[in-house]
Amino acid sequence: MSIDAILYVLVNKYLWQMGALLLILSFVFILLSIYLYKKNKKWLCAFSVIPVLFFVSILYYFMTSFVYLALEKKNPEENANLIKFVQKIAIPRDSAAIFDMDNAFKAWSALEFGRIVTNKQEHQKLIDRAIYYFSKACFTYSFSYPDACGELSEIYAILGRYDEAIYVHEYIKNLINNDKRYSRYGFSRIIDLVELYILNNDYDGALKALNIYDFNDDIKTVYKAEIYRRTGKPKEALKIFNEYISTNPKEPYLLRAIEYRTLTRLDLGQIEQAKQDYEKAKKEHKTYNRCKTFEDFIERAHIEDKYNIWRKERGIVLEN
(Lines give C-alpha, C1' and ligand atoms only; values in the text may rest on other atoms or scores of the structure.)
Protein backbone atom coordinates (compact mmCIF):
# COMPACT_ATOMS: atom_id res chain seq x y z
CA MET A 1 0.00 0.00 0.00
CA SER A 2 1.34 3.45 -0.96
CA ILE A 3 1.84 6.30 1.50
CA ASP A 4 -1.05 8.20 -0.13
CA ALA A 5 -3.33 5.19 0.33
CA ILE A 6 -2.34 4.85 3.99
CA LEU A 7 -2.99 8.54 4.63
CA TYR A 8 -6.35 8.27 2.87
CA VAL A 9 -7.41 5.41 5.15
CA LEU A 10 -6.19 7.23 8.26
CA VAL A 11 -7.95 10.49 7.42
CA ASN A 12 -11.20 9.08 6.04
CA LYS A 13 -11.69 5.96 8.15
CA TYR A 14 -10.06 6.80 11.46
CA LEU A 15 -10.38 10.59 11.60
CA TRP A 16 -13.14 10.58 14.20
CA GLN A 17 -11.34 7.98 16.32
CA MET A 18 -8.13 9.99 16.14
CA GLY A 19 -9.97 13.15 17.11
CA ALA A 20 -11.67 11.48 20.07
CA LEU A 21 -8.36 10.02 21.25
CA LEU A 22 -6.65 13.41 21.04
CA LEU A 23 -9.43 15.02 23.06
CA ILE A 24 -9.18 12.35 25.75
CA LEU A 25 -5.38 12.64 25.89
CA SER A 26 -5.61 16.43 26.07
CA PHE A 27 -8.07 16.19 28.96
CA VAL A 28 -5.85 13.66 30.77
CA PHE A 29 -2.75 15.85 30.46
CA ILE A 30 -4.67 18.92 31.60
CA LEU A 31 -5.76 17.07 34.73
CA LEU A 32 -2.19 15.90 35.21
CA SER A 33 -0.94 19.49 34.92
CA ILE A 34 -3.46 20.67 37.52
CA TYR A 35 -2.46 17.84 39.85
CA LEU A 36 1.27 18.60 39.50
CA TYR A 37 0.68 22.31 39.96
CA LYS A 38 -1.16 21.66 43.23
CA LYS A 39 1.73 19.47 44.35
CA ASN A 40 4.09 22.40 43.73
CA LYS A 41 5.86 20.51 40.93
CA LYS A 42 5.60 23.36 38.49
CA TRP A 43 8.53 22.24 36.33
CA LEU A 44 6.81 18.88 35.74
CA CYS A 45 3.59 20.75 35.09
CA ALA A 46 5.28 22.60 32.21
CA PHE A 47 6.32 19.30 30.61
CA SER A 48 2.78 17.98 30.79
CA VAL A 49 1.44 21.12 29.09
CA ILE A 50 3.63 20.55 26.00
CA PRO A 51 1.73 17.46 24.77
CA VAL A 52 -1.56 19.30 25.35
CA LEU A 53 -0.43 22.07 23.01
CA PHE A 54 0.68 19.44 20.49
CA PHE A 55 -2.65 17.60 20.60
CA VAL A 56 -4.67 20.82 20.34
CA SER A 57 -2.58 21.91 17.34
CA ILE A 58 -3.31 18.64 15.57
CA LEU A 59 -7.03 18.97 16.30
CA TYR A 60 -7.00 22.54 15.00
CA TYR A 61 -5.21 21.47 11.83
CA PHE A 62 -7.76 18.74 11.08
CA MET A 63 -10.79 20.70 12.26
CA THR A 64 -11.85 21.53 8.70
CA SER A 65 -11.97 17.84 7.86
CA PHE A 66 -13.97 17.06 11.01
CA VAL A 67 -16.59 19.69 10.23
CA TYR A 68 -16.70 18.74 6.54
CA LEU A 69 -17.35 15.07 7.32
CA ALA A 70 -20.07 16.06 9.75
CA LEU A 71 -21.85 18.32 7.26
CA GLU A 72 -21.19 16.73 3.86
CA LYS A 73 -24.61 15.03 3.75
CA LYS A 74 -26.49 18.11 4.95
CA ASN A 75 -27.77 21.25 3.30
CA PRO A 76 -24.91 23.81 3.36
CA GLU A 77 -27.32 26.75 3.67
CA GLU A 78 -28.44 25.46 7.08
CA ASN A 79 -24.88 25.63 8.41
CA ALA A 80 -23.64 28.69 6.53
CA ASN A 81 -22.27 30.53 9.59
CA LEU A 82 -20.34 27.49 10.85
CA ILE A 83 -18.88 26.89 7.39
CA LYS A 84 -17.79 30.54 7.06
CA PHE A 85 -16.10 30.40 10.47
CA VAL A 86 -14.20 27.21 9.64
CA GLN A 87 -13.18 28.58 6.23
CA LYS A 88 -11.82 31.71 7.89
CA ILE A 89 -9.51 29.89 10.32
CA ALA A 90 -8.74 26.77 8.27
CA ILE A 91 -5.18 25.41 8.21
CA PRO A 92 -3.76 24.68 5.66
CA ARG A 93 -5.31 27.53 3.73
CA ASP A 94 -6.35 25.37 0.79
CA SER A 95 -8.67 23.53 3.20
CA ALA A 96 -10.87 26.63 3.26
CA ALA A 97 -12.11 25.76 -0.20
CA ILE A 98 -13.18 22.21 0.61
CA PHE A 99 -16.82 23.19 1.28
CA ASP A 100 -17.05 25.30 -1.88
CA MET A 101 -15.49 22.53 -3.97
CA ASP A 102 -18.01 20.06 -2.58
CA ASN A 103 -20.96 22.30 -3.44
CA ALA A 104 -19.60 22.98 -6.91
CA PHE A 105 -18.96 19.31 -7.69
CA LYS A 106 -22.43 18.32 -6.52
CA ALA A 107 -24.04 20.83 -8.86
CA TRP A 108 -21.80 20.03 -11.84
CA SER A 109 -22.04 16.27 -11.32
CA ALA A 110 -25.81 16.50 -11.34
CA LEU A 111 -25.48 17.49 -14.99
CA GLU A 112 -22.50 15.30 -15.81
CA PHE A 113 -23.93 12.02 -14.56
CA GLY A 114 -27.36 12.44 -16.07
CA ARG A 115 -29.53 13.43 -13.15
CA ILE A 116 -33.02 14.23 -14.39
CA VAL A 117 -33.38 18.00 -14.64
CA THR A 118 -37.03 18.97 -14.93
CA ASN A 119 -36.71 22.35 -16.62
CA LYS A 120 -34.34 24.95 -18.09
CA GLN A 121 -34.41 27.04 -14.93
CA GLU A 122 -33.13 24.14 -12.80
CA HIS A 123 -30.52 23.30 -15.45
CA GLN A 124 -29.23 26.89 -15.47
CA LYS A 125 -29.35 27.03 -11.67
CA LEU A 126 -26.99 24.05 -11.45
CA ILE A 127 -24.57 25.65 -13.92
CA ASP A 128 -24.65 28.97 -12.06
CA ARG A 129 -24.13 27.18 -8.74
CA ALA A 130 -21.10 25.29 -10.05
CA ILE A 131 -19.56 28.50 -11.43
CA TYR A 132 -20.23 30.41 -8.21
CA TYR A 133 -18.62 27.88 -5.88
CA PHE A 134 -15.68 27.02 -8.16
CA SER A 135 -15.06 30.77 -8.47
CA LYS A 136 -15.09 31.14 -4.69
CA ALA A 137 -12.59 28.32 -4.26
CA CYS A 138 -10.38 29.77 -6.99
CA PHE A 139 -10.42 33.51 -6.17
CA THR A 140 -11.96 34.26 -2.76
CA TYR A 141 -9.33 33.03 -0.33
CA SER A 142 -5.74 34.01 0.28
CA PHE A 143 -4.81 30.63 -1.22
CA SER A 144 -6.34 29.71 -4.59
CA TYR A 145 -7.36 26.09 -4.98
CA PRO A 146 -5.79 24.93 -8.28
CA ASP A 147 -8.32 22.15 -8.94
CA ALA A 148 -11.17 24.63 -8.57
CA CYS A 149 -9.55 26.98 -11.09
CA GLY A 150 -9.09 24.10 -13.52
CA GLU A 151 -12.72 23.02 -13.22
CA LEU A 152 -13.91 26.61 -13.58
CA SER A 153 -11.85 27.08 -16.74
CA GLU A 154 -13.31 23.86 -18.17
CA ILE A 155 -16.89 24.96 -17.43
CA TYR A 156 -16.34 28.31 -19.14
CA ALA A 157 -14.92 26.46 -22.17
CA ILE A 158 -17.92 24.11 -22.33
CA LEU A 159 -20.19 27.16 -22.21
CA GLY A 160 -18.23 28.73 -25.08
CA ARG A 161 -16.96 31.53 -22.84
CA TYR A 162 -13.40 31.13 -24.04
CA ASP A 163 -12.05 34.52 -22.90
CA GLU A 164 -13.00 33.72 -19.32
CA ALA A 165 -11.68 30.17 -19.64
CA ILE A 166 -8.32 31.47 -20.85
CA TYR A 167 -8.12 34.07 -18.08
CA VAL A 168 -8.73 31.49 -15.31
CA HIS A 169 -6.35 28.98 -16.90
CA GLU A 170 -3.50 31.49 -17.17
CA TYR A 171 -4.23 32.85 -13.69
CA ILE A 172 -3.62 29.52 -11.94
CA LYS A 173 -0.82 28.47 -14.28
CA ASN A 174 1.07 31.67 -13.44
CA LEU A 175 0.47 31.16 -9.72
CA ILE A 176 1.88 27.64 -9.85
CA ASN A 177 4.89 28.79 -11.86
CA ASN A 178 5.67 31.91 -9.81
CA ASP A 179 4.45 31.35 -6.23
CA LYS A 180 6.38 28.90 -4.06
CA ARG A 181 3.25 28.12 -2.04
CA TYR A 182 1.91 26.24 -5.06
CA SER A 183 5.06 24.24 -5.76
CA ARG A 184 3.45 21.01 -4.54
CA TYR A 185 0.57 21.37 -6.99
CA GLY A 186 0.58 20.12 -10.53
CA PHE A 187 -1.73 21.26 -13.28
CA SER A 188 -2.65 18.46 -15.65
CA ARG A 189 -4.49 20.64 -18.18
CA ILE A 190 -1.28 21.70 -19.91
CA ILE A 191 -2.58 21.45 -23.47
CA ASP A 192 -6.01 22.94 -22.80
CA LEU A 193 -4.71 26.52 -22.80
CA VAL A 194 -3.51 26.29 -26.41
CA GLU A 195 -6.75 24.59 -27.42
CA LEU A 196 -8.76 27.36 -25.75
CA TYR A 197 -6.92 30.01 -27.77
CA ILE A 198 -7.57 28.02 -30.95
CA LEU A 199 -11.27 27.59 -30.13
CA ASN A 200 -11.41 31.34 -29.55
CA ASN A 201 -9.86 31.87 -33.03
CA ASP A 202 -6.97 33.69 -31.36
CA TYR A 203 -4.11 32.01 -33.18
CA ASP A 204 -1.58 34.69 -32.26
CA GLY A 205 -2.46 34.08 -28.61
CA ALA A 206 -2.03 30.33 -29.10
CA LEU A 207 1.45 30.79 -30.61
CA LYS A 208 2.38 33.21 -27.84
CA ALA A 209 1.26 30.72 -25.19
CA LEU A 210 3.35 27.97 -26.78
CA ASN A 211 6.42 30.21 -26.53
CA ILE A 212 5.79 31.57 -23.03
CA TYR A 213 4.77 28.50 -21.07
CA ASP A 214 6.69 25.30 -20.39
CA PHE A 215 5.22 23.15 -23.17
CA ASN A 216 7.40 20.32 -24.40
CA ASP A 217 8.71 20.16 -27.98
CA ASP A 218 6.06 17.63 -29.05
CA ILE A 219 3.20 19.95 -28.07
CA LYS A 220 4.87 22.94 -29.69
CA THR A 221 5.43 21.10 -32.97
CA VAL A 222 1.98 19.50 -33.25
CA TYR A 223 -0.01 22.59 -32.31
CA LYS A 224 2.06 25.02 -34.36
CA ALA A 225 1.35 22.85 -37.40
CA GLU A 226 -2.38 22.72 -36.54
CA ILE A 227 -2.39 26.52 -36.24
CA TYR A 228 -0.78 26.74 -39.69
CA ARG A 229 -3.56 24.53 -41.04
CA ARG A 230 -6.27 26.68 -39.50
CA THR A 231 -4.72 29.90 -40.78
CA GLY A 232 -4.70 28.81 -44.42
CA LYS A 233 -1.23 27.26 -44.64
CA PRO A 234 -1.99 23.56 -45.12
CA LYS A 235 1.14 22.84 -47.19
CA GLU A 236 3.43 24.18 -44.45
CA ALA A 237 1.42 22.24 -41.87
CA LEU A 238 1.62 18.99 -43.86
CA LYS A 239 5.39 19.30 -44.16
CA ILE A 240 5.74 19.67 -40.37
CA PHE A 241 3.39 16.74 -39.68
CA ASN A 242 5.22 14.48 -42.12
CA GLU A 243 8.61 15.24 -40.61
CA TYR A 244 7.29 14.87 -37.07
CA ILE A 245 5.43 11.59 -37.60
CA SER A 246 8.49 10.09 -39.34
CA THR A 247 10.40 10.41 -36.04
CA ASN A 248 7.91 7.93 -34.49
CA PRO A 249 7.03 10.03 -31.42
CA LYS A 250 5.30 8.65 -28.34
CA GLU A 251 1.61 8.76 -27.57
CA PRO A 252 -0.51 10.81 -27.31
CA TYR A 253 1.37 13.18 -29.58
CA LEU A 254 1.72 10.69 -32.43
CA LEU A 255 -2.02 10.06 -32.49
CA ARG A 256 -2.86 13.74 -32.30
CA ALA A 257 -0.42 14.49 -35.13
CA ILE A 258 -2.05 11.79 -37.26
CA GLU A 259 -5.49 13.26 -36.58
CA TYR A 260 -4.40 16.76 -37.53
CA ARG A 261 -2.50 15.51 -40.59
CA THR A 262 -5.67 13.80 -41.78
CA LEU A 263 -7.53 17.12 -41.57
CA THR A 264 -4.67 18.83 -43.38
CA ARG A 265 -4.77 16.30 -46.21
CA LEU A 266 -8.51 16.81 -46.55
CA ASP A 267 -7.91 20.55 -46.82
CA LEU A 268 -5.51 19.80 -49.67
CA GLY A 269 -7.94 17.41 -51.35
CA GLN A 270 -5.78 14.35 -50.64
CA ILE A 271 -8.69 12.04 -49.84
CA GLU A 272 -6.91 8.69 -50.26
CA GLN A 273 -3.92 9.75 -48.16
CA ALA A 274 -6.32 11.00 -45.47
CA LYS A 275 -8.02 7.59 -45.38
CA GLN A 276 -4.59 5.96 -45.03
CA ASP A 277 -4.05 8.06 -41.91
CA TYR A 278 -7.35 6.75 -40.58
CA GLU A 279 -6.13 3.18 -41.04
CA LYS A 280 -2.78 4.06 -39.47
CA ALA A 281 -4.52 5.55 -36.42
CA LYS A 282 -6.60 2.37 -35.95
CA LYS A 283 -3.41 0.32 -36.17
CA GLU A 284 -1.56 2.51 -33.69
CA HIS A 285 -4.28 2.54 -31.01
CA LYS A 286 -7.37 0.41 -30.48
CA THR A 287 -9.40 3.37 -29.21
CA TYR A 288 -9.91 4.37 -32.84
CA ASN A 289 -11.79 1.14 -33.51
CA ARG A 290 -14.74 2.93 -31.95
CA CYS A 291 -14.73 5.16 -35.01
CA LYS A 292 -16.88 2.97 -37.24
CA THR A 293 -16.40 5.11 -40.32
CA PHE A 294 -13.89 7.51 -41.78
CA GLU A 295 -16.42 10.32 -41.17
CA ASP A 296 -16.52 9.44 -37.45
CA PHE A 297 -12.75 9.66 -37.33
CA ILE A 298 -12.77 13.09 -39.00
CA GLU A 299 -15.30 14.38 -36.49
CA ARG A 300 -13.20 13.09 -33.60
CA ALA A 301 -10.04 14.64 -35.03
CA HIS A 302 -11.26 18.21 -34.54
CA ILE A 303 -10.37 19.94 -31.27
CA GLU A 304 -14.02 21.02 -31.01
CA ASP A 305 -15.23 17.42 -30.75
CA LYS A 306 -14.06 16.92 -27.16
CA TYR A 307 -15.98 19.96 -25.97
CA ASN A 308 -19.04 19.06 -28.02
CA ILE A 309 -19.14 15.65 -26.30
CA TRP A 310 -18.96 17.31 -22.88
CA ARG A 311 -21.76 19.69 -23.86
CA LYS A 312 -23.95 16.85 -25.03
CA GLU A 313 -23.34 14.94 -21.78
CA ARG A 314 -24.52 17.94 -19.77
CA GLY A 315 -27.36 19.07 -22.00
CA ILE A 316 -25.65 22.34 -22.93
CA VAL A 317 -26.39 23.91 -26.30
CA LEU A 318 -24.40 26.93 -27.47
CA GLU A 319 -26.27 29.81 -29.01
CA ASN A 320 -25.14 30.75 -32.51
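Two aromatic rings, from Phe, Tyr or the six-membered ring of Trp, make a pair if their centres lie within 6.5 Å. On that count, this predicted model holds ten aromatic pairs.

Take Phe 105 and Phe 134, one of these pairs. The two ring centres sit 5.2 Å apart with the planes at 90 degrees, which is past the 60-degree mark, so this is an edge-to-face contact. It also bridges distant parts of the chain: Phe 105 belongs to helix H6 (residues 98–112) and Phe 134 to helix H7 (residues 120–140), with the two positions 29 residues apart in the numbering. As for solvent, Phe 105 comes out as partly exposed, with a relative accessibility of 33%. Phe 134, on the other hand, is at 0%, and because buried means under 20%, it counts as buried.

Helix H7 also carries Phe 139, which teams up with Tyr 171 of helix H9 (residues 162–178), so parts of the chain 32 residues apart in sequence get tied together. Here the geometry is tilted, with 4.8 Å from centre to centre and 50 degrees between the planes. Both partners show some surface: Phe 139 is partly exposed at 33% relative accessible area, and Tyr 171 is partly exposed at 24%. The pair is not on its own, either, as Tyr 167 joins Phe 139 and Tyr 171 in one aromatic cluster.

Finally, a charge turns up next to a ring. Lys 173 lies over the face of Phe 215, at 5.6 Å from the ring centre.

Definitions and conventions
Residues are numbered from 1 along each chain as its sequence is written. This is a predicted model: local features need pLDDT of at least 70, side-chain atom pairs count only at pLDDT 80 or more; totals for chains, interfaces and linings use all residues. Side-chain values use heavy atoms; hydrogens and water are left out. Rings of Phe, Tyr and Trp (its six-membered ring) pair if their centres lie within 6.5 Å; planes under 30 degrees apart count as stacked, over 60 as edge-to-face and the rest as tilted. Helices (H or I, at least four residues) and strands (E, at least two) are DSSP runs, numbered from the N terminus. Buried means under 20% relative accessible area, exposed over 50%, partly exposed in between (1.4 Å probe, protein chains only). A charge sits over a ring if NZ of Lys or CZ of Arg is within 6 Å of the ring centre and within 35 degrees of the ring normal.
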